[in-house]
Amino acid sequence: MSATAAATPATIGSNTASESSNTLNTDHPFWQVIRTVPDFPKADIDFYDITPLLRSHINDVIDAMLAVLPEGLLDEVDCLGAVEARGFVFASLIAGRLGKGIILLRKPGKLPPPVTNKAYALEYGKDTLEMQNNLPPERVLLVDDILATGGTLNTAYELCKSASHTVVGALVLLDLVKLHGEFPVPVYTVLKA
């Protein structure tokens with residue numbers, strides 16, 4: 001995986017299918033653009049910086065994320081559950097293309113009441129998510145950038161359930177498969193590492 005090699009949009013969009021198994025796909029063209037930052041945010045953690053994809057290849061990324069969803073799944077989805085912070089970017093762009101709404105899952109103190117919240121562990125600390133709990137029940141597809149230990153997505157799932165939403169799946173750009181266990185709903189991903 002080269003962190004410095006440049007890729008053209010034609011190259012980036014050429015391989016958008018995701019494997020259904022846990023087979024790693026580190027040969028995907030997006031890896032030519034993603035930067036690996038060692039020892040960030042702390043020692044012994046390799047941080048995958050996807051911001052170069054956001055800057056130069058966002059349409060290809062959204063195309064690839066939509067391409068990994070099974071046919072017909074989006075017909076079952078009422079809205080997208082956007083997980084703070086980069087999940088907001090992906091969910092907003094996808095929602096705009098599909099004409100679907102968004103439910104925000106945010107850090108504490110950012111949403112007006114009434115809210116429900118849940119604390120969770122990260123791979124390098126602790127955090128809390130909140131969501132409004134006075135919304136009508138909907139069928140939700142969670143959207144985030146990276147699935148690492150699963151703490152954030154599991155918390156988003158639990159918050160949606162506690163607010164009477166039905167989570168039909170989760171959509172992420174990158175799944176770090178060795179860092180988490182099974183997820184309670186299907187996870188659709190473009191990249192695995």
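Two rings of Phe, Tyr or Trp (for Trp, the six-membered ring) count as an aromatic pair if their centres lie within 6.5 Å. By that yardstick, this structure holds 3 aromatic pairs. Keep in mind that you're looking at a predicted model. Besides the ring pairs, there are 6 salt bridges and an open sheet built from 5 strands. Here's a quick tour by topic.

**Aromatic pairs**

- Let's start with W31 and Y48: their ring centres are 5.3 Å apart and the planes sit at 70 degrees, so this pair is edge-to-face.
- W31 and Y48 come from distant parts of the chain, 17 residues apart: W31 is in the loop between α1 (9-12) and β1, while Y48 belongs to strand β2.
- Both W31 and Y48 are buried.
- F40 and F47 make another pair, with ring centres 5.2 Å apart and planes at 90 degrees, so the call is edge-to-face here too.
- F40 is partly exposed at 42% relative accessibility, and F47 is partly exposed at 22%.
- Why does F47 count as partly exposed? Its relative accessible area is 22%, and buried would mean under 20%.

**Salt bridges**

- R35 and D49 join side chains in a salt bridge, with 3.0 Å from N to O.
- That contact ties strand β1 (residues 35-37), home of R35, to strand β2 (residues 47-49), home of D49, across 14 residues of chain.
- Is D49 buried or exposed? D49 is buried, with a relative accessible area of 9%, whereas R35 is partly exposed at 40%.
- R97 and D63 also meet through their side chains, at 2.5 Å from N to O.
- This one links two helices: R97 sits in α5 (residues 86-98) and D63 in α3 (residues 58-67), 34 residues apart.
- R97 is partly exposed at 40% relative accessibility, and D63 is partly exposed at 38%.
- R139 and E76 form a further salt bridge, and their closest N and O atoms are 3.2 Å apart.
- Here a strand is linked to a helix: R139 lies in β7 (residues 139-147), E76 lies in α4 (residues 73-76), and 63 residues separate the two.
- R139 is partly exposed at 32% relative accessibility, as is E76 at 40%.

**The sheet**

- Read across, the 5 strands of this open sheet run β4-β3-β7-β8-β9, with parallel pairing.
- What stands at the edges of the sheet? The edge strands are β4 (101-105) and β9 (187-192); each has a single partner strand, so one side of each has no neighbour in the sheet.
- From one strand to the next, the twist averages 20 degrees.
- Going in for a closer look, strand β8 (residues 166-175) pairs with β9 in the parallel sense over 5 bridges.
- Within that pairing, A170 has V187 of β9 as its bridge partner.

**Helices on the sheet**

- Helix α3 lies across β7, β8 and β9, and runs at about 135 degrees to β8.
- Helix α5 packs on the sheet as well, touching β3 (79-83), β4, β7 and β8.
- The direction of α5 makes about 130 degrees with that of β7.
- To tie this back to the salt bridges, α3 and α5 are the helices that hold D63 and R97.

Methods
Residues are numbered from 1 along each chain as its sequence is written. This is a predicted model: local features need pLDDT of at least 70, side-chain atom pairs count only at pLDDT 80 or more; totals for chains, interfaces and linings use all residues. Side-chain values use heavy atoms; hydrogens and water are left out. A salt bridge is a side-chain nitrogen of Lys or Arg within 4 Å of a carboxyl oxygen of Asp or Glu. Helices (H or I, at least four residues) and strands (E, at least two) are DSSP runs, numbered from the N terminus. Buried means under 20% relative accessible area, exposed over 50%, partly exposed in between (1.4 Å probe, protein chains only). Two strands pair if DSSP finds at least two bridges between them. Axes are lines fitted to C-alpha atoms, for helices over the stretch in contact, and angles run from 0 to 180 degrees between N-to-C directions. Contact means heavy atoms within 4.5 Å. Rings of Phe, Tyr and Trp (its six-membered ring) pair if their centres lie within 6.5 Å; planes under 30 degrees apart count as stacked, over 60 as edge-to-face and the rest as tilted.
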